[in-house]
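Work through these exercises with the model open beside you. Try each task before reading its solution.

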Amino acid sequence: MTTPSSFISTSDYATFKNDGGTSTFVVYAASTSVAGNGYSVVSADIAIGKQASINRVQISSSKDSSKRYSSLSLSFNRTGLVSASPAGYTVVAYVSRTSATNLRCSVYVPNPYSSALTTATGNETFTFYIDTFLPPFV
Amino acid sequence: MAIADFLYNSDFVQDKAILLESASFTIPTPTAGYTFTIAHGLPFTPLVGGSWSTSSNFLVTYDFGSGVIPSSNIGASIFDYSLEIAADSTNIYIIPTNVSGATQTVHVRVFGIEPSDSTATLPHTASSGDVFAFSTGYNYTKPYEASKITGLASSSTTTITHSLGYVPQLTAWATNSARTFNSVFFEDVTYPIYVSSFIGGSVVDASVEVTTTTAIFKTGSSSNTNRFDYVIYYDRSGGTS
């Protein structure tokens, strides 16, 4: 029995193997029309990590690129137009595996209104910073 | 050389998993109120994380907080199935969301990290000689600072400065009065998209921003997060950035 915090390193405790790191981006186009009660999604797939690896992710938006958020998913409030009137909506940026070694980075905009939503002006680029790890089980 | 350029450096601590658990269970439908529980037996609330899969060989592995992307239309959720993880002083909680309309068997792998204020003595989680603990084929992220922020209220901002000069990797956990959650963060959001009310009627309305000089921890107006635990690493985020 030992106190793990007192060790700089020890092979008696499992650790995490960093097997990959990269960044990619997804552009959500300006003034996209989203059907009433529908959704819009834009994705980019990247090959990263080995089978069973887990991800440490940071996400940033070009509308405030000085900030990177530490999260697998992130929601931003934006304002678009519904029937020519300002209407709030949410943009969700998130990641998930689609195969053993493929990671999908997506931007999803649901339209909560029954009429078509025109999203905000100006392209918005979401950058995903990804580091992958083999957990102790592998 | 910079510390971040070393795969391994004996002058710096390593992440040490002090808890390893595996389990399988079936997600019911609907999932309202269902939580899969694992007793952890530790003298503190571990900082939990891990992965899960719909196959026992973990062919496609999902992070907690992520899920299975629908094969066709996205409906009320961006995932058919997703799992979140949390812990308290007694148990680990696996919290599923299932909008697929069908039950699903899932397999989970859970690890726990010791919080920075623990002084517990603990059994080993790896047996020397059985497996290689270190391999030069991989990088081992090197913690720059592991600490906690306590006594938080809603709508709070806490800035931690670092001197790295680049955006480092970071992991964080948010704790409310009941449980400690692994990295579920929302920013500027008025309603959750796919995370249901799994913390006594409230979501983890909190965020962590990382810059070249700071890590900024925020709680939202509806947040009942009262503590963050975090690890800032010497290693750069996104491999090279």
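The exercises below cover sheets, backbone angles and salt bridges in a predicted model.

**Exercise 1. Trace the open sheet of 7 strands and find its edge strands.**

Step 1. Follow the strand order. It runs β1(A)-β10(A)-β4(A)-β5(A)-β13(B)-β14(B)-β10(B). Strands of chain A and of chain B both appear in this order.

Step 2. Check the direction. The pairing is antiparallel.

Step 3. Look for strands that pair on one side only. These are β1 (17–28) of chain A and β10 (157–161) of chain B.

Step 4. Read the twist. From one strand to the next, it averages 25°.

Step 5. Zoom in on one pair. β1(A) and β10 (residues 124–134) of chain A run antiparallel and are joined by 11 bridges. One residue pair to locate is Lys17(A) with its bridge partner Leu134(A) in β10(A).

**Exercise 2. Do the same for the open sheet of 4 strands in chain B.**

Step 1. Write down the order: β1-β8-β3-β4, with antiparallel pairing.

Step 2. Mark the edges. In chain B, β1 (17–27) and β4 (62–63) each pair on one side only.

Step 3. Count the bridges at one edge. β1(B) pairs with β8 (residues 104–113) of chain B over 10 bridges, in the antiparallel sense. Among the residues involved, Glu21(B) has Val110(B) in β8(B) as its bridge partner.

**Exercise 3. Asn37(A) has a positive phi although it is not a glycine, and so does Phe58(B). Where does each lie, and is each buried or exposed?**

Step 1. Start with Asn37(A). Its phi is about 60°. The residue sits in the loop between β2 (33–34) and β3 (39–47) of chain A.

Step 2. Apply the cut-off. Exposed means over 50% relative accessible area. Asn37(A) has 56% relative accessibility, so Asn37(A) is exposed.

Step 3. Turn to Phe58(B). Its phi is about 55°. The loop between β3 (47–53) and β4 of chain B holds this residue.

Step 4. Apply the other cut-off. Buried means under 20%. Phe58(B) has 4% relative accessibility, so Phe58(B) is buried.

**Exercise 4. Inspect salt bridges in both chains, and classify the partners by accessibility.**

Step 1. Get the total. The whole structure has 8 salt bridges over all chains.

Step 2. Take the pair in chain A. Asp45(A) and Arg104(A) form a salt bridge, with their closest N and O atoms 2.8 Å apart. Asp45(A) is in strand β3 and Arg104(A) in strand β8 (residues 102–110) of chain A; the two are 59 residues apart. At 39% relative accessibility, Asp45(A) is partly exposed. Arg104(A) is partly exposed too, at 26%.

Step 3. Move to chain B. Asp235(B) forms a salt bridge with Lys142(B), and the closest N and O atoms are 3.2 Å apart. Asp235(B) lies in strand β15 (residues 227–236) and Lys142(B) in the loop between β8 and β9 (143–150) of chain B, so the pair ties together parts 93 residues apart in sequence. Asp235(B) is buried at 3%. Lys142(B) is buried at 0%.

Step 4. Add another pair. Glu209(B) and Lys218(B) form a salt bridge, with the closest N and O atoms 2.9 Å apart. Glu209(B) is buried, at 1% relative accessibility.

Step 5. Finish with the network. Asp117(B), Lys148(B), Arg227(B) and Asp229(B) are joined into one network by salt bridges that share partners.

How values were computed:
Residues are numbered from 1 along each chain as its sequence is written. Chains are lettered from A and ligands numbered from 1 in the order in which they are written. This is a predicted model: local features need pLDDT of at least 70, side-chain atom pairs count only at pLDDT 80 or more; totals for chains, interfaces and linings use all residues. Side-chain values use heavy atoms; hydrogens and water are left out. Two strands pair if DSSP finds at least two bridges between them. Axes are lines fitted to C-alpha atoms, for helices over the stretch in contact, and angles run from 0 to 180 degrees between N-to-C directions. Buried means under 20% relative accessible area, exposed over 50%, partly exposed in between (1.4 Å probe, protein chains only). A salt bridge is a side-chain nitrogen of Lys or Arg within 4 Å of a carboxyl oxygen of Asp or Glu.
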